[in-house]
Amino acid sequence: MMRFFADESCGQCTPCRVGTVKAVQLMASEKWDTQLLEELSQAMADASICGLGQAAPNPIRCVVKYFPGELT
Amino acid sequence: MNARQQLALESPTIEFNLNGQSVVGKSGETLLQTADRYGIDIPRLCYKEGMRADGNCRSCMVEIKGERTLAPSCCRFPTAGMEVSSDSARAVHAQKMIIELLASDMPEKVYKPDSELDHWKRKLGIGRPRFARRQQPVADTSHPAMAVNLDACIQCTRCVRACREVQVNDVIGYAFRGPHSEIVFDLGDPMGESSCVACGECVQACPTGALAPAGETYLIATDKEVPSVCPYCGVGCQLTYHVKNNHIVRVEGRAGPANEGRLCVKGRFGFDYVHHKQRLTKPLIRKPGRPKSADFVMDPNDPLSVFR
């Protein structure tokens with residue numbers, strides 16, 4: 001899903017253009033760095049120009065909030 | 001005082017709150033400009049004075065009370081009673097994360113010492129970025145006067161605006177999408193083969209040295225800066241010569257009434273004549289008996305064969 005957002009990002013603003021790609025990299029790792037992912041999510045939601053970048057971190061936050069068992 | 005400055009003085013002001021302090025914004029002034037006037041430091045990368053604010057880098061984000069998301073202070077205007085903070089935890093977090101994201105993609109190699117990105121990185125106390133670096137594009141050294149190292153590009157589009165809106169050459173564009181987006185010349189041509197007129201405005205606009213003068217002259221520590229006027233045409237563009245051992249290393253446009261910091265190819269890159277061996281530095285007198293015909297050819301490397 002994050003790869004979808006990275007693909008759909010238009011590339012205008014930093015949090016979305018760079019943030020989605022970095023999120024994909026962090027989510028690909030065996031063990032999620034949830035603290036860094038949350039910091040990134042916060043900045044993306046706060047600082048992106050449009051709704052795509054602002055909503056892109058939602059899947060990360062959903063997994064961390066509702067499926068923490070899947071991450072261990 | 002010009003008409004624009006006169007207008008700014010006469011226009012109405014807006015009172016609002018910035019970081020808990022009551023400030024007065026002038027008409028037509030953005031939050032960032034007001035903050036600058038009050039000595040409040042807000043990071044900025046895609047914003048450059050004299051250029052249209054674009055608000056794409058998102059490093060100047062501020063929190064405005066009552067708004068869902070943060071706002072870019074470089075292209076946001078105040079309204080009466082607005083409560084703005086650039087130092088709230090939320091705003092600072094976003095500013096720092098943006099700088100860290102951009103810094104994470106920077107190459108090890110330095111193209112411009114203490115670039116604007118390095119400056120804000122240091123100011124905000126950001127250490128080694130925690131993200132993996134992107135796959136870097138290859139360097140383009142096809143142009144004789146400028147080097148294009150897009151591995152240091154932060155996609156702030158200042159070069160695009162410099163080329164399109166300041167110099168109105170429209171050579172540089174922003175192509176592709178998302179993580180693939182990059183700065184291109186014409187239709188993705190190498191810079192040396194594009195229709196670039198080499199005014200170098202993009203080099204002056206670039207905050208990281210991704211566009212830099214050829215020969216890595218940014219890395220040469222100069223002894224002095226000489227404010228001067230361009231020696232070529234009569235426009236009178238003001239410039240600064242960066243000099244080392246009495247040799248000009250590079251030229252920078254200086255804000256003058258005729259050029260407002262801009263230069264053309266001659267003023268910016270045409271300074272090799274200064275120490276050229278064919279340059280005449282004192283008046284010469286023709287030796288007696290030397291021909292005066294128009295088709296006479298003189299060896300320019302040896303003027304003393306004809307003159308004394």
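This report walks through chain B of a predicted model and the place where it meets chain A.

## The build of chain B

Let's start with the basic parts. Chain B is put together from seven helices and twelve strands. If you lay its C-alpha trace along its principal axes, it spans about 90 × 50 × 35 Å.

How many of the contacts link residues far along the chain? Take the contacts in chain B with a separation of 6 or more: 51% of them are between residues 24 or more positions apart.

## Inside and outside

Chain B has 308 residues, and 44% of them are buried. As for the outside, the accessible surface of chain B adds up to about 16,300 Å². Carbon and sulfur atoms hold 53% of that surface.

Now for the charges. Chain B carries 40 positive and 35 negative ones. Work out the mean position of each set, and you'll find the two points 5 Å apart.

## Where chain B meets chain A

Next, the partner. On the chain B side, 30 residues are in contact with chain A, and on the chain A side 28 residues take part.

People often describe how big an interface is by the accessible area lost when the parts come together. Here, chain B and chain A bury about 2,200 Å² between them. Of that buried area, 56% is on carbon and sulfur atoms.

## Salt bridges across the interface

How many salt bridges cross between chain B and chain A? There are three. A salt bridge you can look up in the structure joins the side chains of Arg130(B) and Glu39(A), with 2.9 Å from N to O.

Note on methods
Residues numbered from 1 in each chain as written. Chains lettered and ligands numbered in written order. Predicted model: local features only at pLDDT ≥ 70, side-chain atom pairs only at ≥ 80, totals over all residues. Heavy atoms only, no water. Helix = DSSP H or I, 4+ residues; strand = E, 2+ residues; numbered from the N terminus. Buried < 20%, exposed > 50% of the residue type's maximum accessible area, 1.4 Å probe, protein only. Contact = heavy atoms within 4.5 Å. Areas by Shrake-Rupley, 256 points an atom, 1.4 Å probe, with all protein chains shown as cover. Lys, Arg positive; Asp, Glu negative; His and termini not counted. Charge placed at Lys NZ, Arg CZ, Asp CG, Glu CD. Buried area = accessible area lost by both parts, 1.4 Å probe. Salt bridge = Lys/Arg side-chain N within 4 Å of Asp/Glu carboxyl O.
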